[in-house]
Amino acid sequence: MQKRSKLLYRVLQQDDEAHVVKFGMTTERSSTIPDLFGYAIFQSTSTLPSGGLIKKVNNRCRIMAEENTRELYLSISYPDLNFPADGSKVLKTSGDVQKRELYEIESDEIQIEVTLTRHVNKILPVSPKVHGSPDGYAPTVRVESSASSPLNKGNKIVFANLKNGFSVEIKLTQ
């Protein structure tokens, strides 16, 4: 009996622009485990490694991406708390953090555009899921076409209002 290799992950990129990992998951239990990628994007990227699910991203973020034969799942977060810069108070030490910073302040919203290497349907089959969201927050996510997109499909996902460092998950159909 021959054992399969247990490659846990492969580093596709590791530099100042991004760290990209593809999880191998080749174990004895199955060879049909979907592709799973982890992205830590440190700055706007012009090109990410081929073989992944994401081609480029316009801002720093963290993304987990999983693909099977019919669906593509993305979970994204903007890790900076992005507190409003009203100029009234600069936080320099932990002593500067008061009630407002601890309990009341919410981050400014940020838009992140993720260009996929795949074309997906422009309609999300289910609403985005938010983990740790504040009351009343609803993420705005849309799929946009590129010049090379087939009819009713797109390959750019726009997360229009990420905030507070929370993760937004979406399911896309191919």
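# Asn-155, the sheet and the salt bridges

Reader: Why does Asn-155 count as buried?

Author: Asn-155 has a relative accessibility of 5%. The term buried requires under 20%, so Asn-155 with its 5% qualifies. The model under discussion is predicted.

Reader: What does Asn-155 touch, leaving aside residues up to four places away in sequence?

Author: Asn-155, a residue of strand E10, touches Lys-55, Val-114, Thr-115, Leu-116, Arg-118, His-119, Glu-144, Ser-146 and Ser-149. Each of these counts as a contact because heavy atoms lie within 4.5 Å. Lys-55 is 100 residues away from Asn-155 along the chain, and the C-alpha atoms of the two are separated by 9.5 Å.

Reader: What makes E9 and E10 a pair of strands?

Author: The requirement is at least two bridges between two strands. E9 and E10, the latter covering residues 153-162, have four bridges, in the antiparallel sense. The two strands therefore satisfy the criterion. In one of these pairings, Val-141 has Phe-159 of E10 as its bridge partner.

Reader: In what order do the four strands of the open sheet stand, and what is their pairing?

Author: The order is E4-E7-E10-E9, and the pairing is antiparallel. Strands E4 (54-57) and E9 (141-144) are called edge strands, as each pairs on one side only. On average, neighbouring strands of this sheet are turned by 20° against each other, with direction ignored. In general, strands of a sheet pair through backbone hydrogen bonds, in either a parallel or an antiparallel manner.

Reader: How do you know that E3 pairs with E2 and also with E5?

Author: The bridge counts decide the matter, since at least two bridges are needed. E2 (residues 18-23) and E3 (residues 35-41) are joined by six bridges and run antiparallel. E3 and E5 (residues 61-67) are joined by seven bridges, again in the antiparallel sense. Both counts meet the requirement, so both pairings stand. Individual residues illustrate them: Ala-18 has Ile-41 of E3 as its bridge partner, and Ala-40 stands opposite Arg-62 in E5.

Reader: What is the secondary structure of the chain as a whole?

Author: The chain has one helix and eleven strands. Along the sequence the pattern is β-β-β-β-β-β-α-β-β-β-β-β. Of its 174 residues, 33% count as buried. Among contacts between residues at least 6 apart in sequence, 58% join residues at least 24 apart. The chain exposes about 10500 Å², of which carbon and sulfur atoms supply 49%.

Reader: Why is the contact between Asp-35 and Lys-22 called a salt bridge?

Author: The rule asks for a side-chain nitrogen of Lys or Arg within 4 Å of a carboxyl oxygen of Asp or Glu. The N to O distance between Lys-22 and Asp-35 is 3.7 Å, so the pair meets the rule. Asp-35 belongs to strand E3 and Lys-22 to strand E2, 13 residues apart. Asp-35 is partly exposed at 28% relative accessible area, and Lys-22 is partly exposed at 21%. By this rule, the count comes to five salt bridges.

Reader: What makes Asp-80 and Arg-60 a salt bridge, and which parts does the pair tie together?

Author: The N to O distance is 2.8 Å, which the limit of 4 Å admits. Asp-80 lies in the loop between strand E6 (71-77) and helix H1 (99-104), and Arg-60 in the loop between E4 and E5, so the pair ties together parts 20 residues apart in sequence. Asp-80 is called partly exposed because its 31% relative accessibility falls between the limits of 20% and 50%. Arg-60, at 33%, is partly exposed as well.

Reader: How do you know that Glu-113 and Lys-156 form a salt bridge?

Author: Their side chains meet at 3.5 Å, N to O, and the cut-off is 4 Å, so the term applies. Glu-113 is in strand E7 (residues 110-121) and Lys-156 in strand E10, 43 residues apart. Glu-113 is partly exposed at 23%, and Lys-156 is partly exposed at 26%.

Reader: Why is Leu-8 called exposed?

Author: Leu-8 has a relative accessible area of 56%, and exposed means over 50%, so the term holds. Leu-8 sits in the segment before strand E1 (9-14). Together with Tyr-9 and Val-11, Leu-8 makes a nonpolar surface patch of about 310 Å².

Key: Residues numbered from 1 in each chain as written. Predicted model: local features only at pLDDT ≥ 70, side-chain atom pairs only at ≥ 80, totals over all residues. Heavy atoms only, no water. Patch = residues over 30% accessible without salt bridge, like charges linked within 9 Å, V, L, I, M, F, W, Y side chains within 5 Å. Areas by Shrake-Rupley, 256 points an atom, 1.4 Å probe, with all protein chains shown as cover. Buried < 20%, exposed > 50% of the residue type's maximum accessible area, 1.4 Å probe, protein only. Axes fitted to C-alpha atoms, helices over the stretch in contact; angles between N-to-C directions.
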